[in-house]
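A student would like to learn how to read a protein model step by step. The structure is shown first, and a conversation with a teacher comes after it.

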Amino acid sequence: MALEALIFDVDGTLADTERDGHRVAFNRAFADAGLDWEWSVELYGKLLAVTGGKERIRYYLDHFNQGFSRPEELDSFIAALHAAKTDHYTRMLAEGAIPVRCGVKRLLREARRSGIRLAIATTTTPANVSALLQHSLDRDAESWFEVIAAGDIVPAKKPAPDIYRWAMGRMELEPQACIALEDSRNGVQSASQASIGSILVTTNGYTTDDDFTGASLVIDQLGEPGDPFAVKMGSAGEHRFVDLAMLRDLHGGNQA
Ligand code: XBP
Ligand code: MG
């Protein structure tokens, strides 16, 4: 089946948002609430095992801060903390704190010119996606994507396949017509369980040692002409940076 659509993950894939974005915003929200919690770079790497900010806070309490005396209404306590975190995070993005990753702008521009359909499938909160697209990519970038599937729109977050299924359902697309672009093991599992066979991974500092079973190709970045990617798993043939020709070859190879 011909390649019809690219479905992008957000955090770690479009931009390296976790260490200096989300993590910092969580810590600011904790401080505002008078909590002495401090998520270090190292601890946050462990917490990333769980996707979703609210789910991550709960995982932290269950496994890394069992001594914390929990309020009776734990769900609303976590929801309020998370809402404050989202405010901090979107404000950071509005200040231009996080650029998109190498090659992202170029690839999206080429995809739009060629008429390839674009979508987003992410675990993060919708307001975070809007802020990142608007401030780090382009003022109109939200309109580049036919579907933005994000956050609590599905009850089960990645690695569950639901968010990819939701996006493809909205676009009436078969998984065989799509490529998923991801950065993490949870993301690859989500796309793979949604029957997407073509999965391109660009790793980042937190995911470099993940198990990417199910991915078609794992590289360190999309790259640019003159700034090639390094291949970590699979084969990119003669390609040195990710463009549509490369993605079509990757997708075609997967159909064989
Ligand atoms: C990444 C996530 C999110 C973010 C934090 O999603 O797991 O939870 O870390 O954002 P993806 P929220 O890689 O699928 O883009 O606090 O809004 O959940
Ligand atoms: Mg990701």
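The dialogue below takes up the domains, the pocket and the metal site in turn.

Q: Before we begin, what kind of model is this, and which domains does the protein chain have?

A: This is a predicted model, and the domain assignment divides the protein chain into domain 1 (5-16 + 99-255) and domain 2 (18-94). The C-alpha centres of domain 1 and domain 2 lie 26 Å apart, and the contact takes 16 residues from domain 1 and 20 residues from domain 2.

Q: How does one look for empty space, and what volume does the largest pocket have?

A: Rolling a probe the size of a water molecule over the atoms shows where empty space is left. In this structure the largest pocket has a volume of about 570 Å³, and of the 36 residues that line it, the closest to its centre are E18, L48, T51, R56 and S184.

Q: Where does the largest pocket lie with respect to the domains?

A: The largest pocket lies between domain 1 and domain 2, because both give residues to its lining. Among the helices that each supply at least two residues of this lining are helix 1 (18-32) and helix 8 (185-193).

Q: Which kinds of residue make up the lining of the largest pocket?

A: The lining of the largest pocket divides into six nonpolar, 17 polar and 13 charged residues.

Q: Which residues are the protein donors of the magnesium ion (ligand 2)?

A: The magnesium ion (ligand 2) has D9 (OD), D11 (O) and D183 (OD) as its protein donors, at 2.1 to 2.2 Å, and along the chain the donors follow the spacing D-x1-D-x171-D.

Q: Are D9 and D11 buried or exposed?

A: Both D9 and D11 are buried.

Definitions and conventions
Residues are numbered from 1 along each chain as its sequence is written. Chains are lettered from A and ligands numbered from 1 in the order in which they are written. This is a predicted model: local features need pLDDT of at least 70, side-chain atom pairs count only at pLDDT 80 or more; totals for chains, interfaces and linings use all residues. Side-chain values use heavy atoms; hydrogens and water are left out. On a 1 Å grid over the protein atoms alone, a cavity is a set of points where a 1.4 Å probe fits but cannot get out, and a pocket is an open set with protein on both sides within 12 Å along at least five of seven lines; lining residues have an atom within 4 Å of a point. Grid points are joined across faces, edges and corners, and a volume is the space filled by probe spheres set on the points. Helices (H or I, at least four residues) and strands (E, at least two) are DSSP runs, numbered from the N terminus. Ala, Val, Leu, Ile, Met, Phe, Trp, Tyr, Cys and Pro count as nonpolar, Asp, Glu, Lys and Arg as charged, and the others, Gly among them, as polar. Domain bounds come from an automatic or database domain assignment. Donors are N, O and S atoms within 2.8 Å of the metal (3.2 Å for Na, K and Ca); water is not among the atoms, so sites may look incomplete. Buried means under 20% relative accessible area, exposed over 50%, partly exposed in between (1.4 Å probe, protein chains only). Contact means heavy atoms within 4.5 Å.
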